[in-house]
Amino acid sequence: MGRLSDKVVFITGVARGQGRSHAVRFAEEGARIIGMDICEQIPTVFYPMATREDLAETERLVKEAGGEIVTTVGDVRSREDITRALDAGLEQFGRLDTVIANAGIMPVINQGAEVQAWTDAVDVMLTGVYQVLDIAVPKLLEQGQGGSIVITSSAAGHTSMALNTLPGQAGYVAAKHGVVGLMRLYANKLAKDYIRVNTVHPSAVNTPMVANAEYGEFINSHPEVASDEAFKNPMPVEMLDAVDISNAIVFLASDEARYITGVTLPVDAGYYNR
């Protein structure tokens, strides 16, 4: 029996990166997965975003881990898409136990100079998170059996951790701080119903959002960023693995964390403690 046997988790941004890692780890612990990803490019994002083929690979890996998964292509900026994705999973699995509001973008260079990059960052990573919670929480309350919500923030939600003050970077930092406020609001509101709400705050994670050719070119042309102590983890690791974040979220979703709520959990190799 896994730590999350017979639990059902709704994960946004599931096609690759941290979202895929969360889906596989939850499946390994016995959970069933409701997954959603946009699977198309947002123009202000400088790196290639996930595709339908990536989403299919997540499905394969979850099943290989012994799990069940229902996936939907959808955008967290659309309430209709979120509702459609959640309804598809509820029809298959009949319940909901955990929500992981993970979908994220990083429109911080190149097109990041556009004001639209601010709008996209905030719409995806703040408004999108609010919409996921606003749609999923009533189901948890209706069931009356508690639950867990985990929001992916960032080390940039504890500090500025900013490359520049262009609109995309400003939107990223503002959104990652903003979800902490949302978390605290919902944690306080839902505590009496045994629904726990927390944020996780990774520093750089080895996923396509960071480990991509476009970002590599930016670093090569701006060596001062790579050498800046402000961007380095105190522990001698350049980037975390996605599974490090997944392991923390599995814990927060499990009964081992049944009285942990309202917490901003750093998983950052000591970055916040510098």
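This report walks through a predicted model of a protein, from its overall build to a few single residues.

**Overall build**

Let's start with the big picture. The protein has eight helices and seven strands. Its radius of gyration is 18 Å, close to the 19 Å that the globule rule gives for 274 residues, so the protein is as compact as a globular protein of that length. If you line the protein up along its principal axes, the C-alpha atoms fill a box of roughly 50 × 35 × 35 Å.

Of the 274 residues, 55% are buried. Now take the contacts with a separation of 6 or more: 77% of them are between residues 24 or more positions apart. On the outside, the accessible surface comes to about 11,700 Å², and carbon and sulfur atoms hold 51% of that. As for charge, there are 22 positive and 34 negative charges, and their mean positions sit 7 Å apart.

**The nonpolar cores**

In soluble globular proteins, nonpolar side chains tend to be buried together. Here, the largest nonpolar core has 54 residues, and the members that touch the most others are Phe10, Leu96, Leu133 and Ile149. Which elements supply at least two residues each to this core? On the strand side they are β1 (8-12), β2 (32-37), β4 (98-101), β5 (147-152) and β6 (195-202). The helices α3 (79-93), α4 (115-143) and α5 (167-190) do so too. Apart from this core lies another one, of 30 residues, with Ile11, Ala15, Ile33 and Ile100 among them.

Phe10 is worth a click in your viewer. Leaving out residues up to four places away in sequence, Phe10 touches Ile34, Met36, Ile82, Ala85, Leu86, Leu96, Thr98, Val99, Ile100 and Val132.

**Four residues to look at**

Here is where four single residues stand on accessibility.

| Residue | Relative accessible area | State |
|---|---|---|
| Thr207 | 9% | buried |
| Val24 | 17% | buried |
| Tyr194 | 60% | exposed |
| Ala269 | 9% | buried |

Val24 belongs to helix α1 (residues 17-28). Why does Val24 count as buried? Its relative accessible area is 17%, and the cut-off for buried is under 20%. Beyond its neighbours up to four places away in sequence, Val24 touches Leu61, Val62 and Ala65. Tryptophan 118 is a long way off: 94 residues from Val24 in sequence and 31 Å in space, C-alpha to C-alpha.

Thr207 sits in the loop between β6 and α6 (213-221). Although it is a loop residue, Thr207 counts as buried at 9% relative accessibility. What does Thr207 contact, leaving aside neighbours within four places in sequence? The partners are Gly17, Gln18 and Ala242.

The other two residues share a backbone quirk. Tyr194 is not a glycine, yet has a positive phi of about 60°. Ala269 also has a positive phi, near 55°, in a residue other than glycine. Where do they lie? Tyr194 is in the loop between α5 and β6, and Ala269 is in the segment after β7 (264-267). As for cover, Tyr194 is exposed, with a relative accessible area of 60%, whereas Ala269 is buried, at 9%.

Note on methods. Residues are numbered from 1 along each chain as its sequence is written. This is a predicted model: local features need pLDDT of at least 70, side-chain atom pairs count only at pLDDT 80 or more; totals for chains, interfaces and linings use all residues. Side-chain values use heavy atoms; hydrogens and water are left out. Helices (H or I, at least four residues) and strands (E, at least two) are DSSP runs, numbered from the N terminus. The radius of gyration is taken over C-alpha atoms; the globule rule is 2.2 Å times the number of residues to the power 0.38. Buried means under 20% relative accessible area, exposed over 50%, partly exposed in between (1.4 Å probe, protein chains only). Contact means heavy atoms within 4.5 Å. Accessible areas come from the Shrake-Rupley method with a 1.4 Å probe; for residues, only the protein chains shown count as cover. Lys and Arg count as positive and Asp and Glu as negative; His and the chain ends are not counted. The place of a charge is taken as NZ of Lys, CZ of Arg, CG of Asp or CD of Glu. A nonpolar core is a set of buried Ala, Val, Leu, Ile, Met, Phe, Trp, Tyr and Cys residues joined through side-chain atoms within 4.5 Å.
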